[in-house]
Amino acid sequence: MSDKTREDVEILGVNHTLAIDPDSLNEAGVVWAPAVRALAAAVAPIVVAEAEARRSSSAVASSSSAVDSSTDRAPTTRILELGAGTGALGIALACAVPDVRVTLTDLDRVVPLLRTNADETRGAGKLARGSELRVAELAWSRDTVLGLDDGGGVDRRDGRARWDVVLGCEILYWGGWDVFADDTRGPLLEACVAACEAGGGAEWGAEWGAASSPPTLVALAFTVRDKARESGYVAGDFGEKFWLRRLDADASRRETDEAETRRMDAEARARIEAAEEGDLLVLGAVAKKSAAGARMASAGVGASVGSSGGEGGRGTAESDRQRA
């Protein structure tokens with residue numbers, strides 16, 4: 001469009017006209033279209049496949065109880081987007097995938113732009129059946145993530161709800177960018193760990209059904225601009241806490257076999273190592289604490305795996321800079 005305050009973009013087969021604000025928000029106020037499209041295309045099939053699995057499990061449970069099984073709707077998939085910026089990624093998923101509750105988050109000065117795009121999307125009647133959008137201010141830290149509810153009225157600190165998917169699109173930042181001065185990769189790791197530890201879903205590798213779900217999937221897309229910092233961070237500090245996998249290679253349902261998990265991790269690390277500046281990487285991650293818990297459970301060990309809260313940097317509301 002000629003209007004610099006709006007941008008037309010097609011994502012997952014749906015056309016969107018989104019408000020942008022590059023003059024005031026710099027990187028936070030633009031649509032990172034290649035990364036958004038790639039990550040949306042990778043995550044959508046996973047969400048759909050797991051919703052089908054939950055729907056089937058719910059139907060089985062309902063058939064053996066007094067619960068009304070007349071509906072075929074799947075339980076809502078709860079998606080958290082960190083550093084959402086314009087909201088393009090989360091909005092695209094809410095418009096293309098049924099029964100998702102997407103929470104778009106960013107710093108306070110970006111929230112008005114997020115809210116504009118979310119409100120206009122709802123007003124246009126573009127949301128998929130049963131899907132919802134909400135907007136929240138969020139500076140990255142363990143406490144802020146654990147205190148953020150998913151819009152369903154449940155405080156996440158009580159363990160009764162958690163995020164199914166956590167999204168991050170072009171959000172690997174460090175000191176020296178125009179928008180902010182502080183390195184935010186530490187707070188990002190802290191936020192991702194917290195999002196995965198909240199709630200009582202099934203452990204990685206455990207059976208899951210109507211009453212549980214697979215462990216939280218963290219899905220990241222980023223362009224390699226400084227390989228030592230970005231790729232090194234993902235394979236290093238981030239990779240110490242998470243099992244990695246390529247989402248651009250096989251966006252299927254998350255496997256539960258430990259050997260397969262390790263194989264995918266090695267494959268992802270090889271891709272990261274081979275990446276060159278300018279390459280777009282699309283990666284998934286699952287917290288390693290969940291994998292350890294599943295192994296202990298399968299071995300008959302009744303111990304629980306504690307969180308590693310507080311890892312990474314310490315950020316203030318202004319320094320915990322986020323973008324998508």
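**Core packing and two one-sided helices**

In this predicted model, L93 makes contacts beyond its neighbours within four places in sequence, and the partners are L12, A40, V43, A44, I79, V100 and L167. L93 also belongs to the largest nonpolar core, which has 42 residues. Along with L39, V43, I79, L89, L104 and L167, L93 is among the residues that touch the most other members of this core. Helix 2 (residues 33-63) supplies the largest share of the core, 10 residues. A second core, separate from this one, contains 36 residues, including V193, A195, I272 and A287.

Helix 4 spans residues 111-123, and its 13 residues reach 18 Å from the first C-alpha to the last, close to the 18 Å expected at 1.5 Å a residue. Its buried residues are V111, L113, L114, N117, A118 and T121. These residues lie on the same side of helix 4 because they cover an arc of only 165° around the axis. The elements covering them include strand 2 (14-19), helix 1 (22-25), helix 3 (88-96), strand 4 (100-106) and strand 5 (132-137). After helix 4 comes G125, with a positive phi near 70°.

Helix 8 (residues 258-274) has 17 residues and a reach of 24 Å between its first and last C-alpha, close to the 24 Å expected at 1.5 Å a residue. Buried in this helix are T261, M264, D265, A268 and I272. Their arc around the axis is only 105°, so they lie on the same side of helix 8. Helix 7 (230-241), strand 8 (242-246) and strand 9 (280-287) are included in what covers these buried residues. The face turned away from the buried side carries the exposed residues A259, E273 and A274.

Technical notes:
Residues are numbered from 1 along each chain as its sequence is written. This is a predicted model: local features need pLDDT of at least 70, side-chain atom pairs count only at pLDDT 80 or more; totals for chains, interfaces and linings use all residues. Side-chain values use heavy atoms; hydrogens and water are left out. Helices (H or I, at least four residues) and strands (E, at least two) are DSSP runs, numbered from the N terminus. The expected span of a helix is 1.5 Å times one less than its number of residues. Buried means under 20% relative accessible area, exposed over 50%, partly exposed in between (1.4 Å probe, protein chains only). The arc is that of the directions from the helix axis to the C-beta atoms. Contact means heavy atoms within 4.5 Å. A nonpolar core is a set of buried Ala, Val, Leu, Ile, Met, Phe, Trp, Tyr and Cys residues joined through side-chain atoms within 4.5 Å.
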